[in-house]
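Dear colleague,

Please find the structure below, handed over for your consideration. My notes on what was found in it follow.

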Amino acid sequence: MLFNSFDFLYFLILLLIGYYIPFLGKLQVPLLILSSFFFYSYYDHYLIVLLGVVIIFNSMTSYQILKNKIYQKKKYLMWMSVLFNIGLLFIFKYKYQLFHDFITHESNSNNILRKFVELPLPIGLSFYCFQAVSLSVDLFRNDHKFVKHRSFFNHFFEVSLYLSFFPQLIAGPIVKSKQFLFQIEKKYFKNIQFDKFIKNLIVGYFLKIVIADNLATVLVRFKYSLIHDLASFDLLAMLIGYTVQEFADFAGYSYIAIGLGYLFGYELPMNFNRPFIAKNISEFWQRWHISLTYWIKDYIYIPLGGNRGPLWKKNLNIILSMLFSGLWHGANFGFAVWGLLHGLALVIEKSFKPLSFILDYLKMFLVFATFAFLMGFYKFGEIDQIYTFYHALFFNNINMNDYLLISQIFIYIFPVILYHLYVIFLSEEIRERLERYSFIGYALLVILLLTDYGVQNEFLYFRF
Amino acid sequence: MNFYIFDSKFSRKFFISLVLILIVFFTFSDSLRPIFSSSDWRDKNVLRGREFLENKLDKESILLVGSSTTTGVFNIPALNIHNLAIASGSSKDGLDIILKSGKLPKTLFVEVNYTFNNLSTPILEKIYNKRKQDNIEKVFEEKSRLRILQYISIQLSQLLHKLFDSHRSKSMESKIYNEKRNLFYKAHINVSFEQEKIIKNVTEFIDQLNTARKLGVQLYLFKTTMDPFYYNSKMLTFFDSTLHQMLNENNYDLLILEDFIKYQTKDGVHPTPQGSIDIEKILLGKLR
């Protein structure tokens with residue numbers, strides 16, 4: 001179910017009424033779990049089976065990790081869970097590459113494997129699989145101060161809610177178990193933090209519906225087959241527009257998820273923190289898809305050795321972690337190179353600190369320019385397409401610029417620029433003063449939501 | 001009764017200002033709508049078809065069918081002449097609508113360019129299909145809605161156009177014209193083609209013309225010439241010879257609009273507003 005649909009609005013209203021009926025208080029958790037399953041399988045019913053299997057398996061292994069006192073056994077269970085979740089994700093994500101030769105063989109046409117390969121990647125799979133890994137590893141590391149382990153029955157319900165909680169089920173933020181499980185308790189309507197709910201929801205829907213959806217329409221020609229016809233300057237504008245579209249789409253989803261979390265009494269972690277004001281690549285990744293960055297740091301980078309050991313080992317750990325991030329996005333050449341280049345950028349930055357003497361504003365510009373430039377790899381994927389795009393970006397010397405396209409991109413990215421520059425150019429004192437009148441700004445955003453909504457599109461990160 | 005939501009200062013002020021802004025917005029939205037709304041050629045294609053199907057047709061009416069070359073012709077509602085040209089399609093689409101609906105005009109102007117194409121099925125489906133028609137109504141509501149950011153971006157693009165395009169030298173104008181021409185040539189004209197397909201499509205077109213003629217419609221066929229540069233295309237040469245031969249075999253006269261199109265086009269193919277007026281004058285002259 002899409003957050004930007006009327007179906008979702010009806011679903012939310014009904015659920016909210018049921019959730020806060022006082023005499024049904026004990027049923028809040030089962031109601032949220034059932035609703036999350038309904039939400040998840042609204043378009044594809046088979047998804048319910050997949051989510052169910054992941055929940056049952058991880059409830060059992062995590063309960064055993066929690067109860068068992070023998071270290072080796074705990075370790076064995078933890079690895080079993082990690083391999084199951086990452087394996088499941090790997091098979092679904094790379095099924096085409098894994099089984100392509102087999103299914104193209106004529107004698108194997110029309111078999112079950114072919115049908116499996118043709119299935120689309122289940123939406124949200126990587127997000128809840130990552131959360132499941134976090135659950136097992138954190139329990140193994142004894143990193144849970146708040147886990148209440150009474151019975152398997154209770155544990156099962158808590159894990160089910162943790163893995164299926166609908167606001168963040170499909171595209172994050174990736175919540176760690178230690179950030180979520182302790183929050184499971186009876187919730188009261190009077191305790192809802194309405195200010196945070198309203199602000200997150202308005203900003204989220206504005207970013208998605210006004211910025212990202214309109215940019216998607218404006219950038220409809222930003223595709224391989226049409227690159228030849230576009231002037232370099234138009235392509236540059238489109239690349240910047242595409243970068244902002246990715247941000248608005250994904251950050252929009254995260255804000256909506258966080259806002260909805262508040263509505264049901266759960267606080268989800270921030271996933272985007274004005275990434276385009278980062279002064280170096282390292283800071284950028286602490287502001288962009290924060291929950292994935294920290295997941296990779298905790299469960300990939302640190303287990304690889306982190307910043308311990310000789311310099312080459314530290315650098316290799318960074319590059320491998322970023323390569324993992326690239327491969328997480330998808331099974332194509334572009335994503336792998338994109339991750340690799342970000343890893344290299346981080347290594348160069350850490351090793352030589354070439355930006356240390358440059359003005360802050362220039363640093364911000366350089367970080368944004370690097371990120372936007374690399375989005376060409378992310379967008380076009382295949383090596384020939386990537387080459388054609390970058391060649392056209394530099395050498396399509398056509399004098400005929402599409403002013404409408406450039407103007408539309410500028411107008412739709414302008415609110416995102418303001419959202420970022422607001423914290424740089426205004427002092428804290430002025431910002432505090434303005435904050436008192438922020439209600440007017442939010443009301444105006446609602447008006448723009450009513451007038452300038454774009455064509456309804458899926459959230460881009462559903463495909464990951 | 002406590003709704004809690006209004007407990008905080010922010011929420012109270014937010015809802016009050018939202019209500020006030022909404023009141024202002026709805027009070028003025030109708031008068032602002034024509035200024036801020038926008039629609040594009042895809043919608044206009046469907047709108048033309050829908051209007052034709054839904055409105056009554058006078059027995060004396062004159063119709064024009066064609067492609068994007070003639071969408072700007074006869075757009076004055078006062079005249080009893082209707083335009084059924086389909087951008088990105090051809091007169092085959094307009095003829096299909098006329099023949100299937102049974103609404104036959106007295107006189108029909110037929111632009112023969114691009115009749116090597118298939119019927120524009122997706123556009124026609126939108127025009128015919130009842131269920132999709134409902135959706136199209138939504139599309140038009142959608143397109144005529146007030147869009148503040150869209151409006152600002154259009155104004156900005158016009159400003160950029162004035163700033164950068166109005167001071168261009170003649171040599172630059174000609175350079176840009178050549179670029180536009182080259183792009184159109186690459187994308188639409190210099191394409192690989194199958195002779196059988198072109199013959200089949202032109203035959204379908206001739207069949208449509210024959211049916212209309214049998215039903216008593218007076219036909220005036222015309223062709224707008226393109227920039228000679230486009231005639232390097234093998235596809236276009238083959239199409240022209242096929243079309244001319246078939247028209248001759250079926251006793252159709254073809255009016256070729258030669259000169260103006262060379263000087264009054266944006267890209268060597270599509271006429272400027274003045275070019276469209278010139279076409280109108282020539283076609284109306286045929287009726288006198």
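Which side chain of opposite charge is nearest to Asp138(A), a buried residue that has no salt bridge? The nearest is that of Arg141(A), at 4.4 Å. A salt bridge requires the nitrogen and the carboxyl oxygen to be within 4 Å, so this pair is not counted as one. Asp138(A) belongs to helix H7 of chain A, which spans residues 125–140. Its side chain does have a polar contact, at 2.8 Å, with the side chain of Tyr299(A). Please bear in mind throughout that this is a predicted model.

Salt bridges

Over all chains, ten salt bridges are counted. One of them joins Asp298(A) to Lys176(A), with the closest N and O atoms 2.5 Å apart. Asp298(A) sits in helix H14 (residues 290–304) of chain A, while Lys176(A) is in the loop between helix H9 (166–169) and helix H10 (177–180) of chain A, so this salt bridge ties together parts that lie 122 residues apart in sequence. Both Asp298(A) and Lys176(A) are buried.

A second pair in chain A is formed by Lys208(A) and Asp249(A), whose side chains meet in a salt bridge of 2.8 Å, N to O. Here, too, distant parts of the chain are linked: Lys208(A) is in helix H11 (residues 194–218) of chain A and Asp249(A) in helix H12 (residues 232–263) of chain A, 41 residues apart. Lys208(A) counts as buried because its relative accessibility is 0%, and Asp249(A) is buried as well, with a relative accessible area of 3%.

In chain B, Lys223(B) and Asp240(B) form a salt bridge whose closest N and O atoms are 3.3 Å apart. Lys223(B) is part of strand S4 (residues 218–224) of chain B and Asp240(B) of helix H9 (residues 234–249) of chain B, so the pair ties together parts 17 residues apart in sequence. Lys223(B) and Asp240(B) are both buried. To return to chain A, salt bridges with shared partners join Lys208(A), Asp213(A) and Asp249(A) into one network.

Tyr205(A) and its surroundings

Helix H11 of chain A also contains Tyr205(A). Tyr205(A) counts as buried because its relative accessibility is 14%, and the limit for that class is under 20%. Apart from neighbours within four places in sequence, Tyr205(A) is in contact with Phe3(A), Asn4(A), Phe8(A), Val210(A), Ile256(A) and Leu449(A). Phe92(A), by contrast, is 30 Å from Tyr205(A), C-alpha to C-alpha, and 113 residues away in sequence.

A nonpolar surface patch

Turning to the surface, Tyr361(A), Phe410(A), Phe414(A), Ile417(A), Leu418(A), Leu421(A) and Phe425(A) make a nonpolar patch of about 660 Å². Helix H19 (residues 403–425) of chain A gives the most to this patch, with six residues. Leu421(A), which is found in helix H19 of chain A, is partly exposed, with a relative accessible area of 33%.

Chain B as a whole

Chain B has eleven helices and five strands. Of its 288 residues, 44% are buried. Its accessible surface comes to about 15900 Å², and carbon and sulfur atoms account for 57% of that area. Among contacts in chain B between residues at least 6 apart in sequence, 75% join residues at least 24 apart.

With kind regards

Methods. Residues are numbered from 1 along each chain as its sequence is written. Chains are lettered from A and ligands numbered from 1 in the order in which they are written. This is a predicted model: local features need pLDDT of at least 70, side-chain atom pairs count only at pLDDT 80 or more; totals for chains, interfaces and linings use all residues. Side-chain values use heavy atoms; hydrogens and water are left out. Patches are made of residues with over 30% relative accessible area and no salt bridge: like charges are joined within 9 Å, nonpolar side chains (Val, Leu, Ile, Met, Phe, Trp, Tyr) within 5 Å. Accessible areas come from the Shrake-Rupley method with a 1.4 Å probe; for residues, only the protein chains shown count as cover. Helices (H or I, at least four residues) and strands (E, at least two) are DSSP runs, numbered from the N terminus. Buried means under 20% relative accessible area, exposed over 50%, partly exposed in between (1.4 Å probe, protein chains only). Lys and Arg count as positive and Asp and Glu as negative; His and the chain ends are not counted. A polar contact is a pair of N or O atoms within 3.5 Å; within protein, one must be able to donate a hydrogen and the other to accept it, and residues adjacent in sequence count only if both atoms are side-chain atoms. Contact means heavy atoms within 4.5 Å.
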